[in-house]
Amino acid sequence: MIKKFIRKILGVKNKSDPASANKKPTVLGPKEHGIDPGLVSANAIRITQTLQENGFKAFVVGGAVRDLLTGVKPKDFDIATNATPEQVKRLFRRAFIIGRRFQIVHVMFGQDLLEVTTFRGAATDGAPKDEHGRVLRDNTFGEQHEDAARRDFTVNAMYYDPASQTVLDYHGGMKDIKKKTLRIIGVPEARYREDPVRMLRVVRFAAKLQFDIDAATRAPIPVMAPLINNVPAARVFDEMLKLLTSGHAMACLQQLRKEGLHHGLMPLLDVVLEQPLGEKFVTLALANTDERVQQGKGVSPGFLFASLLWHQVVEKWEAYKAAGEFPIPALHLAADDVLNTQTDALAIQRKIGSDMRDIWAMQPRFDKRVGKTPYKMLEHPRLRAGYDFLLLRCASGEIDEEIGEWWTDFMEGDSAERERLINSKPKTAASEAGPKKRKPRRRAPRKAAAAAE
Ligand code: ATP
Ligand code: MG
């Protein structure tokens, strides 16, 4: 009581002590929250119901509740419960405990996968940290109010119970949803220090939801941005991938720049946002990606990163060619350079890296529109990706539109049409040097080179 009084006159909110903060949630009924029960996944309801029937608490949580409250159909449903992973696993036929440090349970119904997480404790004070204050392990179970306090933003810390159709709101998330504001829970500096990735998350949510970032939540970002350097590269990569496939990639990148988050943090972003040559190309690639996501189509990370880094590859490709390399080995050397520099700060997974290389390596082969080569290309397992990439190069003005049109006709045409197209193409297009040909030759003019000037 006295403590509370002193806090009150000092204007100190419980915020600074997340463990004791906001223990009692505001309970919102259907009229207040307005969630359309029809948007809630039947499988999420099955899980919460089963857990509740067995005496546990269980809620839909996080991004799904935020999306439901904004009237958007959530792309996935996470469940939070006070049951331990072992207890959860026992209740479902296809349930798998994942993770060693902090275990969660994957519950499967057919193709549908739902994550069930046990409430986490908020005892970050005792948790092991790196020298910059980043929490390395945070794996204690806890009470629901502690679980709420360790979530990132107020709008992400609400719990929906499908049975009673109530929302439990611990940090004023509903008010912030109405105000379209992103507000970090607790003291912003401390929360970014614990986990710098939250700075990237706030940017992603702001761009995706078209919410404002609360002034106090925003203020420390430019100063604290360099802390992202200490986050393991694989985690930054995962977050970047989420950002780029959010359906609002361009808006996210612009917002990152606005918040001073792109500079020097991730080579990829420096390259993408500050390279005048590729701007048109990248803009088109991201617009394409956003459109695909918004239409519910899949996006290949390999294609996406291949696009973002293409002009860096082109630049190096030209340099190797100017130094006397043949075009194809020059392209491979350029790809190696770009992938190697990138991997240090933003670990591109091996599979994605190899997809990128395939897409790049296919590009000079589209120039060869004579003999059997185009037919061989038709059998290439990545033809579609390589062709889409070629079209982007055409659309950005890097190469002649005519090449893309030729390939469209060739791919769509019947055998007579294909024959006609091959015969209509002058032989000069066969420009690439094979490794066996040792004689120096005059290089056919390459349109790709024009873009690197
Ligand atoms: P999305 O629509 O992108 O899935 P999301 O809010 O569901 O958004 P997730 O990464 O799926 O994002 O995380 C689920 C929930 O877990 C979040 O809503 C938030 O409550 C919590 N969370 C995730 N990452 C963090 C973090 N770095 N710090 C604190 N809480 C986090
Ligand atoms: Mg989610």
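**Reading helix crossings and a ligand shell**

Modeller: Let us begin with one pair of helices: the axes of helix 20 and helix 21 (residues 401-412) approach within 8 Å, and their crossing angle is roughly 150°. Please keep in mind that this is a predicted model.

Biologist: How are helix 20 and helix 21 oriented to each other, roughly parallel or roughly antiparallel?

Modeller: The angle is taken between N-to-C directions, and angles over 145 degrees count as roughly antiparallel. Helix 20 and helix 21 are therefore roughly antiparallel. In its crossing, helix 20 passes helix 21 in a left-handed manner.

Biologist: At roughly what angle do the axes of helix 18 and helix 20 cross?

Modeller: Helix 18 (residues 350-362) and helix 20 (residues 383-395) have axes that cross at roughly 60° and come within 9 Å. This angle makes helix 18 oblique to helix 20. Here the crossing of helix 18 past helix 20 is right-handed.

Biologist: Turning to the ligand, how many residues surround ligand 1?

Modeller: A residue belongs to such surroundings if one of its heavy atoms lies within 4 Å. For ligand 1 there are 17 residues, and the closest are Arg-66, Asp-195, Arg-198, Arg-204 and Lys-242. By class, the shell around ligand 1 holds 13 charged, three polar and one nonpolar residues.

Biologist: Which polar atoms lie 3.5 Å or less from ligand 1?

Modeller: A polar contact is a pair of N or O atoms within 3.5 Å. Among them, a polar side-chain atom of Arg-198 is 2.8 Å from a nitrogen atom of ligand 1. Arg-151 places a polar side-chain atom 3.0 Å from an oxygen atom of ligand 1, and a polar backbone atom of Gly-63 is 3.3 Å from an oxygen atom of the ligand.

Biologist: How much of the area that ligand 1 exposes when taken alone does the protein bury?

Modeller: Taken alone, ligand 1 exposes 580 Å², and the protein buries 85% of that. Helix 4 (63-69), helix 9 (197-209) and helix 12 (233-244) each give two or more residues to the shell. Helix 9 supplies the largest share, five residues.

Terms used: Residues numbered from 1 in each chain as written. Chains lettered and ligands numbered in written order. Predicted model: local features only at pLDDT ≥ 70, side-chain atom pairs only at ≥ 80, totals over all residues. Heavy atoms only, no water. Polar contact = N/O pair within 3.5 Å; in protein donor to acceptor, adjacent residues only side chain to side chain. Areas by Shrake-Rupley, 256 points an atom, 1.4 Å probe, with all protein chains shown as cover. Helix = DSSP H or I, 4+ residues; strand = E, 2+ residues; numbered from the N terminus. Nonpolar A, V, L, I, M, F, W, Y, C, P; charged D, E, K, R; others polar. Axes fitted to C-alpha atoms, helices over the stretch in contact; angles between N-to-C directions. Parallel < 35°, antiparallel > 145°, perpendicular 65-115°, else oblique. Left-handed = near helix turned anticlockwise from the far one by under 90°.
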